[in-house]
Amino acid sequence: MAPLRILVLGGYGFFGRRLVRRLAGWEGCTVLVAGRSLASAGALAAGLRGTASAALEAVALDLDRPGLVDALLALRIDALVHTAGPFQGQDWRVARACIAAGVHYIDLADGRDFVAGIGALDGPARRAGVAVVSGASSVPALSGAAVDRLARGLATVRRIDIGISPGNRTERGLSTVRGILGYCGRPIGPGGAHGHGWSGRWRHRYAAPVGTRLLSPCDVPDLALLPARYPGTPAVRFGAGLELRLLHRGMNLMAAVARRGWVRDWSAHAGWLKTASDLFRHLGSDAGAMHVEVEGLADGGHPVLRRWELQALGGDGPYVPTLAAAALLRRLRVAGSLPAGAQPCVGLLDIDDFAAEAHGLAITFKELAA
C-alpha cells in the first residue's frame, strides 16, 4: 500500500498545527501543511522534521481562489482535514472540491448549520466513493461518543447536559474567539428554543483541580443532532464557560447588549476583544474540563443518571478538538478506506478511540458516580 498522504488545511493555525504535530509521529505517512502562507507552512514543517517519523511538505493553498479541485488532484492526496475555521457562515466548497477530486474530507467544524446540513452532500460523496465527515471536533464527535456510552441500555433518554470550560491560561485562537462571538446574544435554534447565546448562566462542579465553573448557552450541532438519536427525544442543553467569572459575566453583558440591538455582531470585534482578554492570561489556571450527563429510564422504569468528565491539564486542552480527526485518519491508515457518504461525526467513533488518540497528552476521561 502506498504511503497515506494527508493534507491539513489551516495546518499552521491554532488547531491545525496541533493536529500536524500528532500526525508527524506516524511512520509511512506524508503530511502536507497547507494554508495561504507558504512561509508559515514551511516554518512549521521545518521545525518538526528533526523529530518527525512522517514526511512533511509545505503547500500554499487558498480555499477562496478558483482551481481548488485541480490543486487537490495535483497534490495526489488521500484525505484532507479542514481546520480553517470559524465555520459559521462558511459554505461546503472545500468538501465539494474533495468529492470532485476523489479525496476523503474531514473537518473540525462546530457550527450547527454547517455540520447538521452536511448530509446534503451524501449522494455525490457516495457516487465518488469518498467519506465526507463534518464536526470531527469536541462537539459533536466527542460529546456524541460520550452520550452513546452513557445511554447504553437505557429504554428512554430524558435529558442530555453537556458543558465545556477551558482554563484561562490555556492558549486560545482568534478563529475560535470569532466563532464564539458570532452567536453572542443571538437566538439558538428556531425561535430561540435553546435560549440566546451567552444569555443567562448556571454553575457546574467539576472534579479537582478544575472545580466549579459558570456556564452559559452556546450554539452547537448537538442541539440539532442528538434529540432524534435516542429513544424519548431528550432535551439537550449545552453550555460553555470561561474560568474567570469576571470574563464570563462580561460575555453575559455583551449578550445583553447584542439582544438590545446596540451591537449587531460581536464577532466583528474579535481582534481587540481577544487582545483585551489576553491581558488576564496570567490569572486562573491551565486546567479545563468537559462534562456530559445523561438522565433517563432503564428497563423496568427506574430513573438513571450517568455522568462522564474529561479533564485537560498543562495547557493540552486545544488538542481535544483534534482527536476525532486523528482517530478517523488512523482508521483510514489501518483499513485503507472510510465509509463513503456525507454525515456529521456522530456514531462513527467510540470513547476508546478518543482515549487512544489522547495518549501522551495530559487529557483524561472518566465515568463518574451519579
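In this predicted model, the axes of helix 8 (residues 174-182) and helix 11 (residues 270-278) come within 9 Å of each other. They cross at roughly 110°. Helix 8 is therefore roughly perpendicular to helix 11, since angles of 65 to 115 degrees fall in that class. The crossing of helix 8 past helix 11 is right-handed. Helix 8 contributes Leu174, Val177, Arg178 and Leu181 to the contact. Helix 11 contributes Ala270, Gly271, Leu273 and Lys274. By class, five residues of this contact are nonpolar, one is polar and two are charged.

Seven strands form an open sheet. Their order is 3-2-1-4-5-6-13, and the pairing is parallel. Strand 3 (55-60) and strand 13 (341-344) are the edge strands, each pairing on one side only. On average, neighbouring strands of the sheet are turned by 15° against each other, with direction ignored. Within the sheet, strand 1 (residues 4-9) and strand 2 (residues 29-35) pair in the parallel sense. Six bridges link these two strands. Leucine 9 stands opposite alanine 34 of strand 2. Helix 1 (residues 16-23) packs on the sheet. Helix 1 touches strand 1, strand 2 and strand 4 (79-82). The direction of helix 1 makes about 160° with that of strand 1.

Several loops carry backbone features that stand out. Most residues other than glycine have a negative phi, and most peptide bonds are trans. Two cases of cis geometry are described here, both at proline. One cis peptide bond joins glycine 85 and proline 86, with omega about 0°. Proline 86 lies in the loop between strand 4 and helix 4 (93-101). Another cis bond runs from alanine 208 to proline 209, and its omega is near 10°. Proline 209 belongs to the loop between strand 8 (202-205) and strand 9 (212-217).

Positive phi values occur at tryptophan 198 and at threonine 233. Tryptophan 198 is not a glycine, yet its phi is about 65°. This tryptophan sits in the loop between helix 8 and strand 8. Tryptophan 198 has a relative accessible area of 1%, so it counts as buried. Threonine 233, also a residue other than glycine, has a phi near 45°. It is placed in the loop between helix 9 (222-225) and strand 10 (235-240). The relative accessibility of threonine 233 is 57%; it therefore counts as exposed, the cut-off being over 50%.

Histidine 194 is found in the loop between helix 8 and strand 8. Its relative accessibility is 30%, so histidine 194 counts as partly exposed. Outside its sequence neighbourhood of up to four places, histidine 194 touches Ile188, Gly189, Pro217, Leu223 and Val236. Histidine 194 and arginine 213 are 19 residues apart in sequence. In space, C-alpha to C-alpha, histidine 194 and arginine 213 are 20 Å apart.

Terms used
Residues are numbered from 1 along each chain as its sequence is written. This is a predicted model: local features need pLDDT of at least 70, side-chain atom pairs count only at pLDDT 80 or more; totals for chains, interfaces and linings use all residues. Side-chain values use heavy atoms; hydrogens and water are left out. Axes are lines fitted to C-alpha atoms, for helices over the stretch in contact, and angles run from 0 to 180 degrees between N-to-C directions. Helices (H or I, at least four residues) and strands (E, at least two) are DSSP runs, numbered from the N terminus. Angles under 35 degrees count as roughly parallel, over 145 as roughly antiparallel, 65 to 115 as roughly perpendicular and the rest as oblique. A crossing is left-handed if the near helix is turned anticlockwise from the far one by less than a right angle, and right-handed if clockwise. Contact means heavy atoms within 4.5 Å. Ala, Val, Leu, Ile, Met, Phe, Trp, Tyr, Cys and Pro count as nonpolar, Asp, Glu, Lys and Arg as charged, and the others, Gly among them, as polar. Two strands pair if DSSP finds at least two bridges between them. Buried means under 20% relative accessible area, exposed over 50%, partly exposed in between (1.4 Å probe, protein chains only).
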